[in-house]
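Dear colleague,

I am passing on a structure that you have not worked with before, and I would be glad if you could look through it alongside the notes in this email.

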Amino acid sequence: MSMKFFEKPGPELADRVPPGQHLAKGFPVLTYGSTPAIATTDWQLTVSGLTTAKTFTWDDLMAMPQSKFTADFHCVTTWSKLDVQWRGVRVTDFLDQIEIEPQAAHVLLQCYGDYTTNLALSDFARPENFFAHTLFGEPLPPEHGGPLRLVVPHLYAWKSAKWISGLEFLAEMELGFWERNGYHQRGEPWAEERYSMG
Ligand SMILES: Nc1nc2c(c(=O)[nH]1)N[C@H]1C(S)=C(S)[C@@H](COP(=O)(O)O)O[C@H]1N2
Ligand SMILES: [Mo]
């Protein structure tokens, strides 16, 4: 039996698929290292840096406004998945719960399992970004970042931190794991910001 994992997008989808990307079959898992196991009863999200330090529990998160999202997902290794359906908490609704100091211009995202990735605050604090706990109507599976991951649809998916555990607000940019290892600081797929030129 022949297996075909990637498809060239047809003309009707060409404007949805950034240059150099192919449509994935299914939803691949891409993790550096092992998959952490976190029960929602143990789960916490801490905000630190240029904000009042605060820790949120799962119940705190569930008490925030819940929204549905449909978003395209672009991994820098060249696969894309269109119309992924999620539910969770809009980043801007989450940010309504905290006070960020005016000098904050960047955020370093921290994860269970030690992965990090960085975003400009202007790329993070957008209404189309969200913390997801549900994928296609099911609790977000651990391998896709459950119980909670960030999704940042307008940037390559390495910015969509799985098993998110912390947000550190910073005045200056601090590079995350892949950004320190040669990936682009921003990662905009339509501009093919894959690797850093530095
Ligand atoms: N904590 C953590 N988040 C992560 C990663 C990771 O290795 N660890 N991989 C990133 C990369 S490179 C991609 S493409 C997406 C993959 O998400 P998926 O496994 O749900 O497809 O998660 C991103 N978030
Ligand atoms: Mo990726």
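Below are the notes on the ligand and its surroundings, followed by those on one aspartate.

Please keep in mind while reading that this is a predicted model, and that the distances and areas quoted here are computed from it.

The space that ligand 1 takes up is the largest pocket. Around the ligand there are 20 residues, of which P28, Y32, H144, R149 and K162 come nearest. Sorted by class, this shell consists of 14 nonpolar residues, together with three polar and three charged ones.

Several polar atoms of the protein face oxygen atoms of ligand 1. From the backbone, an N or O atom of L30 lies 2.8 Å from an oxygen atom of the ligand, and a backbone N or O atom of Y32 lies 2.7 Å from an oxygen atom of ligand 1. From a side chain, a polar atom of K162 lies 2.5 Å from an oxygen atom of the ligand. As for how much of the ligand is covered, ligand 1 taken alone exposes 530 Å², and the protein buries 99% of that area.

The other place to look at is D72, which belongs to strand β5, running over residues 67-74. D72 counts as buried because its relative accessibility is 17%, and the cut-off for buried is under 20%. Its side chain makes a polar contact of 2.9 Å with the side chain of R16, and the side chain of D72 also reaches the backbone nitrogen of D83, at 2.8 Å.

With best regards

Key: Residues are numbered from 1 along each chain as its sequence is written. Chains are lettered from A and ligands numbered from 1 in the order in which they are written. This is a predicted model: local features need pLDDT of at least 70, side-chain atom pairs count only at pLDDT 80 or more; totals for chains, interfaces and linings use all residues. Side-chain values use heavy atoms; hydrogens and water are left out. A residue is near a molecule or strand if one of its heavy atoms lies within 4 Å of it. A polar contact is a pair of N or O atoms within 3.5 Å; within protein, one must be able to donate a hydrogen and the other to accept it, and residues adjacent in sequence count only if both atoms are side-chain atoms. Accessible areas come from the Shrake-Rupley method with a 1.4 Å probe; for residues, only the protein chains shown count as cover. On a 1 Å grid over the protein atoms alone, a cavity is a set of points where a 1.4 Å probe fits but cannot get out, and a pocket is an open set with protein on both sides within 12 Å along at least five of seven lines; lining residues have an atom within 4 Å of a point. A molecule sits in a cavity or pocket if more than half of its atoms lie within 2 Å of its grid points. Ala, Val, Leu, Ile, Met, Phe, Trp, Tyr, Cys and Pro count as nonpolar, Asp, Glu, Lys and Arg as charged, and the others, Gly among them, as polar. Helices (H or I, at least four residues) and strands (E, at least two) are DSSP runs, numbered from the N terminus. Buried means under 20% relative accessible area, exposed over 50%, partly exposed in between (1.4 Å probe, protein chains only).
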